[in-house]
Amino acid sequence: MLCLNWLLVGALLALAESWNVVHADDGSERNCSAMPPYLPPTAVNTTQRLRALRETMSSLNVSAYIIPGTDAHLSEYIAQRDARMAFMTGFTGSAGTAVVTQNKAVLWTDSRYWVQAERQMDCNWELKRDETYEAYSRNLAPANMVLKSLPDNLVDTVWKDRPPVPSDVLIRLPDRIIGRTWQMKVEHIRSQMRDNPYKPTAVLLSALDETAWLFNLRGNDIPYNPFFYSYTLLTLDEIWLFVHKDRVTKEIKDYLNGSCFQANCVQLIEYNQVRKMLSDYLTRPGVKVWIGTEYTNYALYELIEKSLTSDYSPVLTSKAVKDKTEQRILREAHMRDAVAVIQLLMWLEKVVPEGKETEMTAAKFVNECQNRGPSFETISASGPNAALAHYSPSNETSRKLTVKEMYLVDSGGQYLDGTTDITRTVHWGTPTDMQKAQRMFDTWSCKHVCLSTGINMEMLGRRALWEVGLNYGHGTGHGVGNYFGVHEWPVGFQGNNIPFREGMFTSIEPGYYKENDFGIRIEDVVVTVPAPTKYGHNYLTFETVSLVPYDKKLIDTSLMSPQQLQWLDLYYQTIRRLLVPELDRQGLTEEKEWMLRNTEPLQRSTASAAMSSFSLTFTALATALIHDFI
């Protein structure tokens, strides 16, 4: 696709000389200074690929070529056919940017992936610290250099066995799980256009989940995500859907009113015509296109950069607030997913003492329990592997599970009515006092300090660790979709997220990772609901949607206040109330008994009482941590 390629008129790579990375030397990484250079068996030979690309660049008078690590829709997960950076460099990390000139090839990535890049790239490539396109532009401007899109992707011209577009047809969601028809959603977005003081005449939808949500359609083009290649241009009286038309069945065409040309008729246009058609639309007098800059690629943005822009399109902000039907079915999906995770934990409790199971067999078990497959690559990590927050097991790294180590499993499933994400940390032996203390931090630090909003919650969630000089290197939470992406923006706790509103779903997942020892993370999905207050003010709080009990071995009740114990007992009552009927329905008697054992009350009385989000203290946690580190 044309949209992800930039021409650098002039030399870019000279800017990189001061960004060298310090390399490890343990035999598993390349050593390009040795004579001859040493390459591990995991490195990919890119000599022929670079030679072919440079010949193509030379024929077009291109001085430097940028190869992003994402696709034309700036997706988090990309299809194999869009993994151009990986094809050219050999590096398969999820974040990075490559630049090729006639005499240099450089990869920028962040510190998470430096070791991986050194293991996968050959000596044709240099590794540098991460940099953004904004930084490129700032550095190029003094030399009168600019970024410019090209009509064709040069990597595709040398990628001879590039995977094709999937042939799967698009599907529509069943009526029973749709609260708003696509016509209702279209009218809702058009009403926002009419109400906008800048009077946009059209909205361009570039993120794949935007079009899928608008039309209640799903596909199978992207790993772990039920999306399909598409763009939409929605005007006040037209709807243009850019898609591979041969994948649209007659049923879907009729469903979209695809045979007419009125305001609520969807005109189907070939996917690769989006830039041409958008350019033609912009020649009309008085038009103004509204775009969300976070997910619009440069080749489209450069056409309409003087139109109305916002961080996120009105579709993304509308999708973030679930309607009553979406809330109900997302809760139901989490009930079924809780059964899958309980099956995993019960099975591991039985078999781990036998010493035969591994991180990989555990991940395979839970993946097969999920209805439409996992929503991301399962993080199944024991002992020191769990200290790597984003670790997933491979044939080379998978460890045997043992009763002597902590085990962390972060899994998620795709269901026709919802997407799930949950993390539990367990210990089948005897955990240390520090592990128990850190576990208490995970459970309470954010979930009950979260009557604040946005980035303030992010800071409060880290407070207990900050007080003893510790932290965790990932976000505290992210939005979750209805049979969509497991990381659904713009919901979350970071500075570029939107404010919370009733009906938003987010994960809450603080953690702690002790290098080469263990990792702890507890992740639940919650929904934003009105908070009952004495004077009836419009405050919001979180209600937990995940329904899997925590490992009692990692709960030290002496570190918990009566209010915290009460909250946990009430949560366990909710698990019982919702899961007993579901387990009975599925005929899972043994799983029900396991769940009942693990949700027994921690205190006798569970009388109603409100828990102040700002009254929680972490003195016991801080004392335990300080004692351990001294």
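Which residue follows helix 1, and is its phi positive or negative? The residue is N61, and its phi is positive, near 60°. Keep in mind as we go that this is a predicted model.

Let's step back and take in the whole protein. There are 18 helices and 26 strands, and 56% of the 630 residues are buried. The chain also folds back on itself a lot: take the contacts between residues at least 6 apart in sequence, and 70% of them join residues at least 24 apart.

Now back to helix 1, which covers residues 47-59. From first C-alpha to last, its 13 residues reach 19 Å, close to the 18 Å expected at 1.5 Å a residue. Its buried residues are L50, L53, R54, T56 and M57. Around the axis they cover an arc of only 160°, which puts them on the same side of helix 1. There's a handy rule behind patterns like this: an α-helix has 3.6 residues a turn, so residues three or four places apart point the same way. What does the buried side of helix 1 pack against? Its neighbours there are strand 2 (64-68), helix 2 (84-89), strand 3 (97-101), strand 4 (105-109) and helix 5 (154-158). Turned away from that buried side is a face carrying the exposed residues Q48, E55 and S59.

Helix 6 makes a nice second example. Its 14 residues should span 20 Å at 1.5 Å a residue, and its end C-alpha atoms are indeed 20 Å apart. The buried residues here are W182, K185, V186, I189, R190 and M193. Looking down the axis of helix 6, you'd find these buried residues within an arc of 135°, so they line one face of the helix.

Next, let's look at charged side chains that pair up. How many salt bridges does a search of the whole structure find? It finds 29. One of them joins D323 and R180, at 2.9 Å from N to O. D323 sits in the loop between helix 11 (314-319) and helix 12 (324-351), while R180 sits in the loop between strand 7 (171-172) and helix 6 (182-195), so this pair ties together parts that are 143 residues apart in sequence. Both ends are tucked away: D323 is buried, with a relative accessible area of 15%, and R180 is buried too, at 18%.

Another salt bridge brings R284 and E238 together, 3.0 Å from N to O. This one also links distant parts of the chain, 46 residues apart. R284 is in the loop between helix 9 (274-281) and strand 13 (289-292), and E238 is in the loop between strand 10 (231-235) and strand 11 (239-243). Are the two partners buried or partly exposed? R284 is partly exposed, with a relative accessible area of 36%, whereas E238 counts as buried at 16%. Salt bridges can also chain up: by sharing partners, they join D82, R84, D156 and R162 into one network. Within that group, D156 and R162 form a salt bridge whose closest N and O atoms are 3.3 Å apart.

On to the strands. Strands of a sheet pair through backbone hydrogen bonds, either parallel or antiparallel. One open sheet here has three strands in the order 15-16-19, with antiparallel pairing. Strand 15 (379-382) and strand 19 (422-427) stand at the edges with a single partner strand each, so one side of each is left without a neighbour in the sheet. On average, neighbouring strands of this sheet are turned by 10° against each other, direction ignored. Strand 15 and strand 16 (residues 406-411) pair over four bridges, and A381 has L408 in strand 16 as its bridge partner. Helix 12 packs on this sheet, touching strand 16 and strand 19. The direction of helix 12 makes about 155° with that of strand 16.

Finally, visit strand 23 (residues 511-514) and strand 24, which pair in the antiparallel sense over four bridges. Y512 has I520 in strand 24 as its bridge partner. The two strands form a hairpin with three residues between them, and N516 in the turn has a positive phi of about 60°. Which side of strand 24 is covered? Both faces are: F518 and I520 on one side, and G519 and R521 on the other, are all buried.

Terms used. Residues are numbered from 1 along each chain as its sequence is written. This is a predicted model: local features need pLDDT of at least 70, side-chain atom pairs count only at pLDDT 80 or more; totals for chains, interfaces and linings use all residues. Side-chain values use heavy atoms; hydrogens and water are left out. Buried means under 20% relative accessible area, exposed over 50%, partly exposed in between (1.4 Å probe, protein chains only). Two strands pair if DSSP finds at least two bridges between them. A salt bridge is a side-chain nitrogen of Lys or Arg within 4 Å of a carboxyl oxygen of Asp or Glu. The expected span of a helix is 1.5 Å times one less than its number of residues. The arc is that of the directions from the helix axis to the C-beta atoms. Axes are lines fitted to C-alpha atoms, for helices over the stretch in contact, and angles run from 0 to 180 degrees between N-to-C directions. Contact means heavy atoms within 4.5 Å.
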